[in-house]
Amino acid sequence: MSRATREAYRDSLLPLLQRHPELICLDTDTGLFSAEHAAAAGEQYLNLGIAEHNLMGMAAGLAACGRVPFVNTMAAFAASRALEAIKIDIAYNRLPVRIMATHGGLAAGHLGPTHQALEDLAVLRVLPGMTVVVPADAAATEAFVEQSLGLSGPLYVRLGRKPTPPLPAAPAPVIGQAQTLRQGEDVVLACCGPYPVLACLAAAEALAGHGIEATVLNLHTLRPLDTRTLVAAARPAGLVVTVEEHWRSGGLGGAVAEALAEAAPTRVLRLGVPDRFVDAVGNQEHLVAHYDLTAERVVRTVRTALDTTALSGATN
């Protein structure tokens, strides 16, 4: 059953607040917590209004006093408007603030470029000590919220807006450990987020029909990146294709290319949103299709790359 990752976060946090008095939820008029939800959370819920920079500063102060804040804001605001406070107040002091960023990627496509977050993974993953995760479905979101209780330092979680389908049966997601969703030795499809992961799974199935076996890695944790699993998959394949709902620069594709350049130099092709501001308005599904972040594009990219490699080998 399709569920929104942001709603899965809210619904998993509420019972945790009752069991853990040190937790506190700080909101910024996101609309995620209704009056009923706020009442259930009691004094462990505070709505600060639209004040994202103040939100991060207050969260840092509370964390320094022994609380564990979960802060709600939109990903576009966390990665830009509130970034200075995240960097100086939270990351610099390695405080256990959980930044729960909704409307990640193209999820706010109907609101235009000002509210879309296509830079957040690049920005947040470079901050020292910041853990960065992108759940691919509601179940993963619930798991990461629970696991965050034992995590030291700050955490950034990129969430969506609307319901997205659950992943097929897979190993339980663990922060810092890649999920291997399919095994193959011809190509590695590395992805994160609901639509890219589903696209890669569909692409792997289609590629198998062409005699190409793909490993699908759900690299839900961009920092710390599971380099060991990535390298082990990339070495026999020789081709890695990354797929993400993010600008091509600096996000998952950048993280994968950096890791492989040091540990196992491999050809990496990065699929994402072109490096320009979004020039179309529509819902997330429309924009994902508009920028061709689809299984069909992944298949075309892999087949073209492998055909080119084979042709080059034949002429050498």
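Two strands pair if DSSP finds at least two bridges between them. Strands here are DSSP runs of E with at least two residues, helices are runs of H or I with at least four residues, and both are numbered from the N terminus. By that rule, strand 4 (residues 98-102) and strand 6 (residues 155-158) pair in the parallel sense over four bridges. Within this pair, M100 stands opposite V157 in strand 6.

The model is predicted, so local features need pLDDT of at least 70 and side-chain atom pairs count only at pLDDT 80 or more, while totals for chains, interfaces and linings use all residues. Residues are numbered from 1 along each chain as its sequence is written, and side-chain values use heavy atoms, with hydrogens and water left out.

**The two sheets**

Strands 4 and 6 belong to an open sheet of seven strands in the order 2-1-3-4-6-5-10, with mixed pairing. Its edge strands, each pairing on one side only, are strand 2 (45-47) and strand 10 (221-223). Neighbouring strands of this sheet are turned by 20 degrees against each other on average, direction ignored.

Another open sheet has five strands in the order 7-9-8-11-12, and its pairing is also mixed. Strand 7 (179-182) and strand 12 (267-273) are the edge strands here. From one strand to the next, the twist averages 25 degrees. Inside this sheet, strand 8 (residues 187-191) pairs with strand 11 (residues 239-247) in the parallel sense over four bridges. L189 has V241 of strand 11 as its bridge partner.

**Helices**

Helix 1 (residues 5-19) has 15 residues, which should span 21 Å at 1.5 Å a residue; its end C-alpha atoms are 22 Å apart, which agrees. The expected span is 1.5 Å times one less than the number of residues. Buried residues (under 20% relative accessible area, with exposed over 50% and partly exposed in between, 1.4 Å probe, protein chains only) of helix 1 include Y9, L13 and L17. The buried residues of helix 1 pack against strand 1, helix 2 (35-41), strand 3, strand 4 and helix 7 (138-147).

Helix 3 (residues 52-64) lies across strand 1 (23-27), strand 3 (68-74) and strand 4, running at about 170 degrees to strand 3. Axes are lines fitted to C-alpha atoms, for helices over the stretch in contact, and angles run from 0 to 180 degrees between N-to-C directions. Helix 3 also packs with helix 5 (residues 83-91) at an angle of about 5 degrees, with the axes 8 Å apart. The two helices are therefore roughly parallel to each other, a label for angles under 35 degrees. Their contact (heavy atoms within 4.5 Å) is made by H53, M56, G57 and A60 of helix 3 and E84, A85, I86, D89 and I90 of helix 5.

**Unusual backbone and a buried threonine**

Most residues other than glycine have a negative phi, and most peptide bonds are trans. Two residues with a positive phi are listed below.

| Residue | Phi | Loop | Relative accessibility |
|---|---|---|---|
| H103 | about 60 degrees | strand 4 to helix 6 (120-125) | 8%, buried |
| D292 | near 55 degrees | helix 11 (284-290) to helix 12 (295-315) | 22%, partly exposed |

The peptide bond from R223 to P224 is cis, with omega near -5 degrees. P224 lies in the loop between strand 10 and helix 9 (227-237). Both R223 and P224 are in contact with T131, as are L151, P154, L155, Y156 and I175. T131 lies in strand 5 (residues 131-133) and counts as buried, at 7% relative accessibility.

Note on methods:
Parallel < 35°, antiparallel > 145°, perpendicular 65-115°, else oblique. Lists of a residue's contacts leave out its neighbours within four places in sequence.
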